[in-house]
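Open the model in your viewer and keep the sequence panel visible. The tour goes from the whole chain to single residues, one selection at a time.

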Amino acid sequence: MVVGTGTLVNVVTVLLGCGIGVLLGNRLPVRTRDLVTDGLGLVTLLIAATSAMAVLSPDLSGAVGDAAPMLIVLGAVLVGGITGSLLGLEQGVERLGAWVQRRLVGSGSSADRARFVEGFVVASLVFCTGPLTILGSLQEGLGDGADQLLLKSALDGFAAIAFAAAFGWGVAASVITVVTVQGSLTLLGAVLGDVLPAAQLAAVTATGGVLLVGVALRLLRIREIAVADLLPALLVAPLLTTLVVALR
């Protein structure tokens, strides 16, 4: 299979799902669309919990000790959050969403713009912070096939239907983020080989689960957490793991 096929299929399924979701969403009352968003928030919370359980991975505890995994995730979230906040990542993602909205849709009401940007931001975070994004992209880059990305594509396609029913065409614009993130990880895997040992990968997965909790709280309208500002935590987690391993 040609390298990059998994990401290409992922883009197609998201666009197809978004098209179906927009058609459905226009026919659903606001109360039903809000319920769909709540359902997505609950499912995202479930996915986040399963990902965060990687903090209990034997590979991670075996490499850094039993007490360190929680501290590594905590440190990654704190350092990553501070870094992302200083860099203004959340504002940058929102500005990108607004720019895409102007290019693709043109002028519209402030409510339409806000809905488009929210759909873009939330869909980008959900599609690009899960463990299958990291594992699948690296696996494809290593030449081990695109099985995980194909599975992710199917899941993202169904999620795109629900997201688009609630947020509209902003969800389709998230393919820009999907191509950028997954393409970069696939290229990284192809160039550098086995990039992340099992312990570092578990730390990244657990940290990604924590970030998905933030996305779920956002979908459930409990708290507007600036999850994009926390994205550097995914880079900090393996670095902290490597540091702890070196100091043991």
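Burial comes up at most stops, so its cut-offs come before anything else: a residue is buried under 20% relative accessible area, exposed over 50%, and partly exposed in between, using a 1.4 Å probe and protein chains only. The model is predicted: local features need pLDDT of at least 70, side-chain atom pairs count only at pLDDT 80 or more, and totals for chains, interfaces and linings use all residues. Residues are numbered from 1 along each chain as its sequence is written, and side-chain values use heavy atoms, with hydrogens and water left out.

**Whole chain**

Show the protein chain as a cartoon. There are eleven helices and zero strands; helices (H or I, at least four residues) and strands (E, at least two) are DSSP runs, numbered from the N terminus. The radius of gyration is 18 Å, close to the 18 Å that the globule rule gives for 248 residues, so the chain is as compact as a globular protein of that length. That radius is taken over C-alpha atoms, and the rule is 2.2 Å times the number of residues to the power 0.38. Along the principal axes, the C-alpha trace spans about 60 × 40 × 30 Å.

Switch to a surface. The accessible surface of the protein chain is about 11,900 Å², and 71% of it belongs to carbon and sulfur atoms; such areas come from the Shrake-Rupley method with a 1.4 Å probe, and for residues only the protein chains shown count as cover. Of the 248 residues, 49% are buried. Among contacts (heavy atoms within 4.5 Å) between residues at least 6 apart in sequence, 83% join residues at least 24 apart.

Colour by charge next. The chain has 13 positive and 15 negative side chains, with the centres of the two sets 13 Å apart. Lys and Arg count as positive and Asp and Glu as negative, while His and the chain ends are not counted. Each charge is placed at NZ of Lys, CZ of Arg, CG of Asp or CD of Glu.

**Helix 6: Ser-124 and Arg-115**

Select residues 110-128, which form helix 6, and find Ser-124 there. Ser-124 is buried, at 5% relative accessible area. What does the side chain of Ser-124 reach at 2.7 Å? The partner is the backbone oxygen of Phe-120. Not counting residues up to four places away in sequence, Ser-124 touches Ser-174 and Thr-177.

Stay in helix 6 and select Arg-115. Arg-115 is partly exposed, at 29% relative accessibility. Its contacts, again leaving out residues up to four places away, include Arg-33, Ala-164 and Phe-167. The C-alpha atoms of Arg-115 and Arg-33 are 12 Å apart, with their positions 82 residues apart along the chain.

**Helix 7: Gln-139**

Move to helix 7, residues 131-141, and select Gln-139. At 19% relative accessible area, Gln-139 is buried. Draw a distance from Gln-139 to Leu-149: the two are ten residues apart in sequence and 8.8 Å apart in space, C-alpha to C-alpha.

**Helix 4: Leu-86**

Select Leu-86 in helix 4, residues 68-87. Is Leu-86 buried or exposed? Leu-86 is exposed, with 72% relative accessible area. A C-alpha to C-alpha distance from Leu-86 to Asp-229 reads 8.4 Å, across 143 residues of sequence.

**Helices 10 and 11, and the loop between them**

Select Gln-200 in helix 10. Gln-200 is buried at 9% relative accessible area. Leaving aside neighbours within four places in sequence, Gln-200 is in contact with Pro-238, Thr-241 and Thr-242.

Next comes Arg-221, in the loop between helix 10 (198-219) and helix 11 (233-247). Which sign does the phi of Arg-221 have? Arg-221 has a positive phi, about 60 degrees, although it is not a glycine. Most residues other than glycine have a negative phi. Arg-221 is partly exposed, at 48% relative accessibility.

The last stop is Leu-235, in helix 11. Leu-235 is exposed, with a relative accessible area of 62%. Add Gly-80 to the selection: its C-alpha atom is 7.8 Å from that of Leu-235, though the two residues are 155 apart along the chain.

Terms used. A polar contact is a pair of N or O atoms within 3.5 Å; within protein, one must be able to donate a hydrogen and the other to accept it, and residues adjacent in sequence count only if both atoms are side-chain atoms.
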